[in-house]
Amino acid sequence: MSVTGSFNSSGSPIIEISVSGPVTKPTKFTAMMDTGFSGFLLLPILEAFPVGLILRGTTPITLADGSSQTKLTCLGEVHFGGRSEVGLIIIEWQSTEILVGMDFLRKFERKLVVDAPKGKVTLIKSKSAPPPPAPPVSVIVPASPAPASSAPPAPSPSTTTIP
């Protein structure tokens, strides 16, 4: 299943999401896709607390210019494309932009396809790769069972590999 978005007046890709706190109903937002943002969701403080998000703590972040800042964080649930995912939401007090980043794409298992000439953004369900095969396991099995009435002699072990 794919979800289609568009571009805002500034030419940035946007999608519709909903966000909820632990005891609130989802609130709809238009969020900008930011592939330079490694996080899950960035929400302005004026939007975060009416949604009912609960403050979790702080986290250091590095901005595009290389400078560092400490930001407030909350845990919240994002609803998108018929699914819900819980993630760390960065609270921004200086911006009015709502951003979804690379962790959002990972959690929702989506690929971002941008068709700028058509003004269309599509988030396509990414096919999960099968897990890698398990490495072989070696098991040491005694050559013969030990007699019950005496101390066991030192067995001559044989090694069996189980794929």
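Which residues does S20 touch, not counting residues up to four places away in sequence? In this predicted model, the residues in contact with S20 beyond that sequence window are K25, P26, V51, L53, G76, E77 and H79. S20 lies in strand β2, and its relative accessible area of 2% falls under the 20% limit, so the residue is classed as buried. One of the residues in this set, H79, also takes part in a polar contact, in which the side chain of S20 and the side chain of H79 are 2.8 Å apart.

Strand β2 spans residues 13-20 and is among the elements that supply at least two residues each to the largest nonpolar core. That core comprises 25 residues, and the members that touch the most other members are I17, V19, L41, L53 and F104. Besides β2, the elements that each contribute at least two residues to this core are β3 (27-33), β4 (41-44), α1 (45-51), β6 (68-80), β7, α2 (102-107) and β10 (120-125). For L41, the contacts that remain once residues up to four places away in sequence are left out are with I17, V19, V78, L88, I89, I90, I98, L99 and V100.

A second core, separate from the one described above, consists of seven residues, including I14, M32, F37 and I61. I14 lies in strand β2, and because its relative accessible area of 15% is under 20%, this residue is also counted as buried. When residues up to four places away in sequence are set aside, I14 touches G5, S6, F7, N8, T30, A31 and M32; M32 is itself listed among the members of the second core. The C-alpha atom of I14 is separated by 9.8 Å from that of T122, although the two residues are 108 residues apart along the chain.

The largest pocket encloses about 330 Å³ of space. Its lining is formed by 17 residues, and those that lie nearest the pocket centre are F37, L42, I61, T62 and L63. Strands β5 (54-62) and β7 (83-92) are the elements that give two or more residues to this lining. When the lining of the largest pocket is divided by class, eight residues are nonpolar, five are polar and four are charged. Two of the residues nearest the pocket centre, F37 and I61, are also included in the second nonpolar core, while strand β7, which contributes to the pocket lining, also supplies at least two residues of the largest core.

Definitions and conventions:
Residues are numbered from 1 along each chain as its sequence is written. This is a predicted model: local features need pLDDT of at least 70, side-chain atom pairs count only at pLDDT 80 or more; totals for chains, interfaces and linings use all residues. Side-chain values use heavy atoms; hydrogens and water are left out. On a 1 Å grid over the protein atoms alone, a cavity is a set of points where a 1.4 Å probe fits but cannot get out, and a pocket is an open set with protein on both sides within 12 Å along at least five of seven lines; lining residues have an atom within 4 Å of a point. Grid points are joined across faces, edges and corners, and a volume is the space filled by probe spheres set on the points. Helices (H or I, at least four residues) and strands (E, at least two) are DSSP runs, numbered from the N terminus. Ala, Val, Leu, Ile, Met, Phe, Trp, Tyr, Cys and Pro count as nonpolar, Asp, Glu, Lys and Arg as charged, and the others, Gly among them, as polar. A nonpolar core is a set of buried Ala, Val, Leu, Ile, Met, Phe, Trp, Tyr and Cys residues joined through side-chain atoms within 4.5 Å. Buried means under 20% relative accessible area, exposed over 50%, partly exposed in between (1.4 Å probe, protein chains only). Contact means heavy atoms within 4.5 Å. A polar contact is a pair of N or O atoms within 3.5 Å; within protein, one must be able to donate a hydrogen and the other to accept it, and residues adjacent in sequence count only if both atoms are side-chain atoms.
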